[in-house]
Amino acid sequence: MSSHGGPGPRPKVVRIIEQYALEGIGDELEHKWTRDEDRMSLRALADEFNERLVERALHDAAVDTLTEDSSHIYAVLNGDAGTSGEQTQLKRRLERDGVDVDALTSDFVTYQAIRSYLTNIREASAPTKDDETIRDNAADTIAQLRERTAAVTESKLAGLESSDRLTLGEHRVRVDVRVFCEDCGKQYDVGTLLENGSCGCNQ
């Protein structure tokens, strides 16, 4: 394993691990990415990492999570669950409990940051390119296109709002890519489909 000792800012994942005192998480990430069986994708690792950030932030603020687990709170804050109104309501509630939500969400990391941390800092490498690795790469490419589409959409909406051609309240742009299999009649989020490796036809 390598450490970051050169000039310039520290990589984000390194900084966040130290800031949130997430001892041992680097070893966990590397093991789950490089193990031969049940290997986790970079995207799944990023989500797990961010859930740990939420869990630590809630713990530090003494927020009771008995009725709402950190994974659900992360999904809402990240825009993967809930409506815009629910996201705003959750943010205000957490802020009343002493959580700096803006700082927390800005600390969320992407799968690219996890990849950089594992390959450049820990000098880890994934197993040889099996079918799962190839599907992971395809999922990463699709995710980049989704993020780009969301960014372009947000930019266009902002332009329309600024020119008084559109009235829009507080919102988030989400881009979902779903695959419908006409043979088995089931619909899948493309990321879930790639992670599973098959549709309902083989079940």
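**Exercise 1. How many aromatic pairs does the count come to?** Describe the geometry of any pair and place it in the chain.

*Solution.* The model is a predicted one, in which local features need pLDDT of at least 70 and side-chain atom pairs count only at pLDDT 80 or more, whereas totals for chains, interfaces and linings use all residues. Residues are numbered from 1 along each chain as its sequence is written, and side-chain values use heavy atoms, with hydrogens and water left out.

Step 1. Apply the rule: rings of Phe, Tyr and Trp (its six-membered ring) pair if their centres lie within 6.5 Å; planes under 30 degrees apart are stacked, over 60 edge-to-face, and the rest tilted. The count comes to one aromatic pair.

Step 2. Tyr74 and Phe108 form this edge-to-face pair, with 5.1 Å from centre to centre and 85 degrees between the planes.

Step 3. Tyr74 belongs to helix H4 and Phe108 to the loop between H6 and H7, so the pair ties together parts 34 residues apart in sequence. Helices (H or I, at least four residues) and strands (E, at least two) are DSSP runs, numbered from the N terminus.

Step 4. Tyr74 and Phe108 are both buried, where buried means under 20% relative accessible area, exposed over 50%, and partly exposed in between (1.4 Å probe, protein chains only).

**Exercise 2. Determine how helix H4 is covered, and by which elements.**

*Solution.* Step 1. H4 spans residues 70-77, and six of its eight residues are buried.

Step 2. The buried residues are Ser70, Ile73, Tyr74, Ala75, Val76 and Leu77.

Step 3. They pack against helix H3 (42-60), helix H5 (84-96) and helix H6 (101-106); a contact here means heavy atoms within 4.5 Å.

Step 4. Just after H4, Gly79 adopts a positive phi of about 85 degrees.

**Exercise 3. Characterise the largest nonpolar core.**

*Solution.* Step 1. A nonpolar core is a set of buried Ala, Val, Leu, Ile, Met, Phe, Trp, Tyr and Cys residues joined through side-chain atoms within 4.5 Å. The largest has 41 residues, and Phe49, Leu94, Leu104 and Ile114 have the most contacts inside it.

Step 2. At least two residues each come from helix H1 (12-19), helix H2 (25-34), H3, H4, H5, H6 and helix H7 (111-121). H3 gives the most, with nine residues.

Step 3. Leaving aside residues up to four places away in sequence, Ile114 touches Val13, Leu29, Leu42, Leu45, Ala46, Phe49 and Val109.

**Exercise 4. Analyse the strands and the cysteines beside them.**

*Solution.* Step 1. The chain has nine helices and two strands, in the order α-α-α-α-α-α-α-α-β-β-α.

Step 2. Strands E1 (residues 178-181) and E2 (residues 186-189) run antiparallel and are joined by four bridges; two strands pair if DSSP finds at least two bridges between them. Cys181 has Lys186 in E2 as its bridge partner.

Step 3. The hairpin has four residues between the strands, and Gly185 takes a positive phi near 75 degrees.

Step 4. The structure holds zero disulfides, a disulfide being a pair of cysteine sulfur atoms within 2.5 Å. For Cys184, the nearest cysteine sulfur is that of Cys181, 3.6 Å away. Cys184 is partly exposed, with a relative accessible area of 24%, whereas Cys199 counts as buried at 16%.

**Exercise 5. State the chain totals for burial and contacts.**

*Solution.* Step 1. Of the 203 residues in the chain, 33% are buried.

Step 2. Among contacts between residues at least 6 apart in sequence, 64% join residues at least 24 apart.
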